[in-house]
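Welcome, and please open your viewer. We will walk through one protein chain step by step, selecting a few pieces at a time.

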Amino acid sequence: MDTQQAVAEAANHENSADHDGAESRRDGQNKFTLGTGDSLEGKLTYAGSINVQGRVEGELRIGGNVEVASGATVKALVDASSVTLRGDVEGPVTAREKVVLGRSAKLNGDITAKRLQIEDGASLNGHVRTGSFENGG
């Protein structure tokens, strides 16, 4: 079973269980939550948004938004519409719209985004490229 099938099955299971909405619809788009005890290794391509509270290693290619919660650990390439970081992230981050580094964020990697917001207390070790990009990515 590949990662996408596993995520789809997990999301279907979460929807059928009496759970606090691991996958919910917001703004007509799916949202998937990787809980604090959960981990994902490999490549995830997902049209919706994802909230990472656990651990990810590999690649996240997300059509919607990525949120990395405080206490979460991500060692991955992250590509999404918007990215909000509050946990520890190692790897390149690309956002078609905006990257937000929250006060508890620790990013070791390069950022490519249309806009960047860094809160007081955030840590960034990497190169930043902002503005409009025609080359896709």
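Before we start, a word on vocabulary: helices and strands here are DSSP runs, with at least four residues for a helix and at least two for a strand, and they are numbered from the N terminus. Please keep in mind that this is a predicted model.

**Stop one: the whole chain.** Show the chain as a cartoon and follow it from the N terminus: the elements run α-β-β-β-β-β-β-β-β-β-β-β-β-β. That makes 1 helix and 13 strands. Of the 137 residues in the chain, 36% are buried. Switch on the surface, and you are looking at about 7600 Å² of accessible area, with 41% of it belonging to carbon and sulfur atoms.

**Stop two: strand β7.** Select residues 73-85, which make up strand β7. How many of its 13 residues are buried? The count is 10, so this strand is mostly covered.

Now add the neighbours of β7, one after another:

- Residues 55-62 are strand β5, which runs parallel to β7 and is joined to it by 7 bridges. Look for Glu59, which stands opposite Leu77 in β7.
- Residues 65-68 are strand β6, and it pairs with β7 in the parallel sense over 4 bridges. Here Val68 has Leu85 of β7 as its bridge partner.
- Residues 88-90 are strand β8, parallel to β7 and joined to it by 3 bridges. Val74 finds its bridge partner, Val89, in β8.
- Residues 93-101 are strand β9, again parallel to β7, with 7 bridges between the two. Val83 stands opposite Val99 in β9.

While the strands are on screen, show some side chains: in a regular strand they alternate between the two faces of the sheet.

**Stop three: a charged network.** The structure holds 8 salt bridges. Select Asp79 and Arg96, whose side chains meet in a salt bridge at 3.0 Å, N to O. This pair links distant parts of the chain, as Asp79 sits in strand β7 and Arg96 in strand β9, 17 residues apart. Add Glu59 and Arg61 to the selection: salt bridges that share partners join Glu59, Arg61, Asp79 and Arg96 into one network.

Zoom in on Arg61 and Asp79, where the closest N and O atoms are 3.8 Å apart. Arg61 lies in strand β5 and Asp79 in strand β7, so their salt bridge ties together parts that are 18 residues apart in sequence. Is Asp79 buried or exposed? Asp79 is buried, because its relative accessible area is 13% and buried means under 20%. Arg61, at 30%, counts as partly exposed, and so does Arg96, at 41%.

**Stop four: another salt bridge.** Select Glu67 and Lys31, which meet at 3.1 Å, N to O. Glu67 belongs to strand β6 and Lys31 to strand β2, so the pair ties together parts 36 residues apart in sequence. Glu67 is partly exposed at 22% relative accessibility, whereas Lys31 is buried at 12%.

**Stop five: two rings.** There is 1 aromatic pair to find. Select Phe32 and Tyr46: their rings are edge-to-face, 6.2 Å centre to centre, with 65 degrees between the planes. Phe32 comes from strand β2 and Tyr46 from strand β3, 14 residues apart. Both residues are buried.

**Last stop: a surface patch.** Finish with Ile118, Leu124 and Val128, which form a nonpolar patch on the surface with about 220 Å² of accessible area together. Val128 is found in strand β13, residues 128-130, and at 40% relative accessibility Val128 counts as partly exposed.

How values were computed. Residues are numbered from 1 along each chain as its sequence is written. This is a predicted model: local features need pLDDT of at least 70, side-chain atom pairs count only at pLDDT 80 or more; totals for chains, interfaces and linings use all residues. Side-chain values use heavy atoms; hydrogens and water are left out. Patches are made of residues with over 30% relative accessible area and no salt bridge: like charges are joined within 9 Å, nonpolar side chains (Val, Leu, Ile, Met, Phe, Trp, Tyr) within 5 Å. Accessible areas come from the Shrake-Rupley method with a 1.4 Å probe; for residues, only the protein chains shown count as cover. A salt bridge is a side-chain nitrogen of Lys or Arg within 4 Å of a carboxyl oxygen of Asp or Glu. Buried means under 20% relative accessible area, exposed over 50%, partly exposed in between (1.4 Å probe, protein chains only). Rings of Phe, Tyr and Trp (its six-membered ring) pair if their centres lie within 6.5 Å; planes under 30 degrees apart count as stacked, over 60 as edge-to-face and the rest as tilted. Two strands pair if DSSP finds at least two bridges between them.
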